Amino acid sequence: MEIQVTYPDMENLPESSNILIAPVLSERSDRFCRTLAKYNSDGSLYRATIYIGARFDALSSVACLTEEITQVLEPGNDVDIVPESIWRPLEKKTFERLTWHDAVILRALYDERLKPGMHRDQAMPLVRVIIREILEDLNR
């Protein structure tokens, strides 16, 4: 999957753009960071807009964009089952960047052997093989 990020102040957005980053200029939006996404019927990304508070400092902006872009890629959103993840709910947030675990999940999710719309019964045996291969590669 190729992702092209565009910004709303561009006059002519390319048709191929599927992620838009939009600053929110409201006085009440200092810590605002949300995404609205639409997906094709096969589960692939159609288009997403990431709204980010315009008054975020640089570090908070990077953390917001990292979390929102990776959530658009569909590994999960606000999960409690993994304690060390950028994808935890805000009230339980412990990380501001991708963890080792998060990176492995994203890498597995975008392995070419997995296809959008695959049934869980088909995908899970492949996921086990893919993650095993990723871990073996990382441990070399």
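## The core

Seven residues make up the largest nonpolar core here: Val-104, Ala-108, Leu-114, Ala-123, Val-127, Ile-130 and Ile-134. Two elements, α2 and α3, each give two or more residues to this core. The top contributor is α3, with four residues. Keep in mind that this is a predicted model.

## Overall layout

Now for the bigger picture. The protein has four strands and three helices, and along the sequence they run β-β-β-β-α-α-α. So much for the order of the elements.

Of the 140 residues in the protein, 33% are buried. As for contacts, if you take those between residues at least 6 apart in sequence, 38% join residues at least 24 apart.

## Helix α3

How far apart are the end C-alpha atoms of α3, and does that agree or disagree with the expected span? They sit 26 Å apart, and this agrees with expectation, because 19 residues at 1.5 Å a residue should span 27 Å. The helix itself covers residues 120-138.

Its buried residues are Ala-123, Val-127, Ile-130 and Ile-134, and each of these four also turns up in the largest nonpolar core. Part of what covers the buried residues of α3 is α2.

## Helix α2 and Asp-102

Helix α2 takes in residues 100-109, and Asp-102, Val-104, Leu-106 and Ala-108 are buried in it. Val-104 and Ala-108 are among the members of the largest nonpolar core. The cover over the buried residues of α2 includes α1 (58-72) as well as α3.

Asp-102 is worth a look of its own. This residue lies in helix α2, and is Asp-102 buried or exposed? Asp-102 counts as buried because its relative accessibility is 0%, and the cut-off for buried is under 20%. Leaving out residues up to four places away in sequence, Asp-102 touches Glu-84, Ser-85, Ile-86, Trp-87 and Arg-97.

## The disulfide

You'll find one disulfide in the structure. The partners are Cys-33 and Cys-64, with 1.6 Å between their sulfur atoms. The link between Cys-33 and Cys-64 is right-handed, with 85 degrees about the S-S bond.

Which parts does this pair tie together? Cys-33 belongs to strand β3 (residues 33-39) and Cys-64 to helix α1, so the pair ties together parts that are 31 residues apart in sequence. Both cysteines, Cys-33 and Cys-64, are buried.

## Phe-56 and the loop before α1

Phe-56 sits in the loop between β4 (45-53) and α1. With a relative accessibility of 13%, Phe-56 counts as buried, since the cut-off is under 20%.

Phe-56 also gives you a link back to the disulfide. Along the chain, Phe-56 and Cys-33 are 23 residues apart, and their C-alpha atoms are separated by 9.5 Å.

## Rings and charges

How many aromatic pairs does a search of the whole structure find? The search comes back with zero.

There is a charge placed over a ring, though. Arg-47 lies over the face of Tyr-46, and the distance from the ring centre is 5.9 Å. The cut-off for that distance is within 6 Å.

Conventions. Residues are numbered from 1 along each chain as its sequence is written. This is a predicted model: local features need pLDDT of at least 70, side-chain atom pairs count only at pLDDT 80 or more; totals for chains, interfaces and linings use all residues. Side-chain values use heavy atoms; hydrogens and water are left out. Buried means under 20% relative accessible area, exposed over 50%, partly exposed in between (1.4 Å probe, protein chains only). Contact means heavy atoms within 4.5 Å. The expected span of a helix is 1.5 Å times one less than its number of residues. Rings of Phe, Tyr and Trp (its six-membered ring) pair if their centres lie within 6.5 Å; planes under 30 degrees apart count as stacked, over 60 as edge-to-face and the rest as tilted. A charge sits over a ring if NZ of Lys or CZ of Arg is within 6 Å of the ring centre and within 35 degrees of the ring normal. A disulfide is a pair of cysteine sulfur atoms within 2.5 Å. A nonpolar core is a set of buried Ala, Val, Leu, Ile, Met, Phe, Trp, Tyr and Cys residues joined through side-chain atoms within 4.5 Å.
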